[in-house]
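Hello,

Here is the structure we spoke about, with my notes below it. Please look through them with the structure open.

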Amino acid sequence: MKIETDAARILSGVRHGKTIGSPITLLIENKDWSNWQEIMSVELRVKSLKLKNSELRTPNSELSLVTRPRPGHADLAGAIKYDTHDIRNILERSSARETAARTAAGAVARKFLSEFDIKVMSYVVEIGNTRSQESGVRSQADEKKLITLFEKAEASPVRCPDKNIERKIINKIDAAMKKGDTLGGIFEVIVTGVPPGLGSYSQWDRRLNARLSYALTGIQAIKGIEIGLGLEMSRRSGSEVIDEIYYRSQKSNPPRPPLSKGGEGGFGFYRKTNNAGGIEGGISNGMPIILRAAMKPIPTLRTPLSSVDIISKKPFKAAYERSDVCAVPAASVVGEAMAALVIADCFLEKFGGDSMGEVQRNYEGYLKQIRKF
Ligand SMILES: Cc1cc2nc3c(=O)[nH]c(=O)nc-3n(C[C@H](O)[C@H](O)[C@H](O)COP(=O)(O)O)c2cc1C
C-alpha cells in the first residue's frame, strides 16, 4: 500500500565515503513505531503476562494477546514451535517488513558490484496469471535488451516493461482489491557483466545456481525459482535447449560476443542463446544470469478465511489487517538485493583483497588471463 517512503541512514562503518571495516549499520525508521511502543515494550508492562501458558484460558484484551493464527502465515507453526500463546511474537518477526533491511544491505553490494560494471536488475513478468506472450526473456543473450527492459520496468508502477500487460495487470489488481482478494506473480532478476568463473561445481554448496536459489527462496512468499529456461527445459529435447559454443577470433567483425566482460576484452568463446541463464555446472559462464521467482498471493485477504483460536480452540474467520493486494513488484526489488549479496560474496571469494585497488588488480589480472585462454 506504500504508506511509507523509506530512507536509510548510515550510522557506522563508513568514514568520508569509504568503508573502514566496522559493521555498516543502516537505519530505516518505521514511522508507525510510535503507535506500538506499549505493545512491543522491552520491559514487562502488564503483570498478567507472568501467567503461564496453561493459565491463559481466555483471551484478555489487557494483554493484547494475539491468539488467532492467520492462515498462510508463520503464525500457527511458529507458535507451536516456540511454545507461545501470543502470536504477536511470531507475526512481528516473520513479517516481510524485514526485507527493507535486506534491500538496504543489498544496495551496498550493488554499489560494490557497479565498480566492476556488474548490474543487478529486475522486472515483473506476470501477475495473477496475466503475462506477456513470451512471459519474460528466460533465454535472452543480449545485455542491451535486458537493460532496456529494466529501464522500462523502473518507470512502471507495477515494474512491468510491457505497456500492454502493465495496463492489464493494474486492472487485475484493482479487480482483486474490489473483491477483497489478493494476487501473486512472477518476477525476473537479471545480472549482467558477470565474468565467467563465479561459483564452482566442486561442492554442492558452492554452486552459483544453488546459492542464488537459496537466497531468493529465502524471501517470504517465494515458492519457486527457475534459472534460464528453467522448468521449460525439461519439456524440450536436448538439441533445442543446450546452448552451443562458438568461437570468434579477435580480428573478426562484430556482432560482438554476448559474453560481457570477457567478450569486450576479446574473449572469443560465446553462445548465441542463453537457455542456461548464465550458469553451467554451478559456474557463471559469462552470459547474463537470468533468474525467475514465483510469489504466492498475499495470505491476508479481506475475504475471511477459516482458522482456529489457539486458546479457545473455537473456529473463527480470520480478521483483516491492513495489507497489500499484491507485493510482486516490491518482492522483485528484494530479489535484486538478494542476488546482489550473493554475487558480491562470490566475486569477493574469487577476487577479494583488502582494498578496492587490490580487488581491481585481482580482477583485471583474471580478465587478462581469460582473454588469452
Ligand atoms: C515484499 C513483500 C511484501 C509482503 N507484504 C505482505 C502483506 O502486506 N501482507 C501479508 O499478509 N503478507 C505479505 N507478504 C507475504 C508474507 O510475508 C508471507 O507470505 C508470509 O510470511 C508467509 O511466509 P511463506 O509464504 O514464505 O510461507 C509479503 C511478502 C513480501 C516478500
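The ligand is surrounded by 19 residues, and those that come nearest are Ala96, Gln220, Ala221, Thr300 and Ala327. Please keep in mind that this is a predicted model. By residue type, the shell around the ligand consists of 10 nonpolar, 7 polar and 2 charged residues. Helix α9, which spans residues 328–351, gives the most to this shell, with 3 residues.

Next, the sheet. Five strands form an open sheet in the order β6-β5-β7-β13-β8, and the pairing is antiparallel. The edges are taken by β6 (130–131) and β8 (222–227); each has a single partner strand, so one side of each is left without a neighbour in the sheet. For β8 the partner is β13 (residues 289–295), and the two pair in the antiparallel sense over 5 bridges. Within that pairing, Ile227 has Leu291 of β13 as its bridge partner. Helix α6 (residues 208–217) lies across both β8 and β13, and runs at about 155 degrees to β8.

There is also a pairing nearer the start of the numbering to look at. Strand β1 (residues 8–12) pairs with β4 (residues 25–28) in the antiparallel sense, over 4 bridges. Here Ser12 stands opposite Thr25 of β4. How many of the 5 residues of β1 are buried? The count is 0, and the strand is hardly covered.

Regards

Terms used: Residues are numbered from 1 along each chain as its sequence is written. This is a predicted model: local features need pLDDT of at least 70, side-chain atom pairs count only at pLDDT 80 or more; totals for chains, interfaces and linings use all residues. A residue is near a molecule or strand if its C-beta atom, placed from the backbone, lies within 6 Å of it. Ala, Val, Leu, Ile, Met, Phe, Trp, Tyr, Cys and Pro count as nonpolar, Asp, Glu, Lys and Arg as charged, and the others, Gly among them, as polar. Two strands pair if DSSP finds at least two bridges between them. Two residues are in contact if their C-beta atoms, placed from the backbone, lie within 7 Å. Axes are lines fitted to C-alpha atoms, for helices over the stretch in contact, and angles run from 0 to 180 degrees between N-to-C directions. A residue is buried if 20 or more other C-beta atoms lie within 10 Å of its own, exposed if 12 or fewer, and partly exposed in between; C-beta atoms are placed from the backbone.
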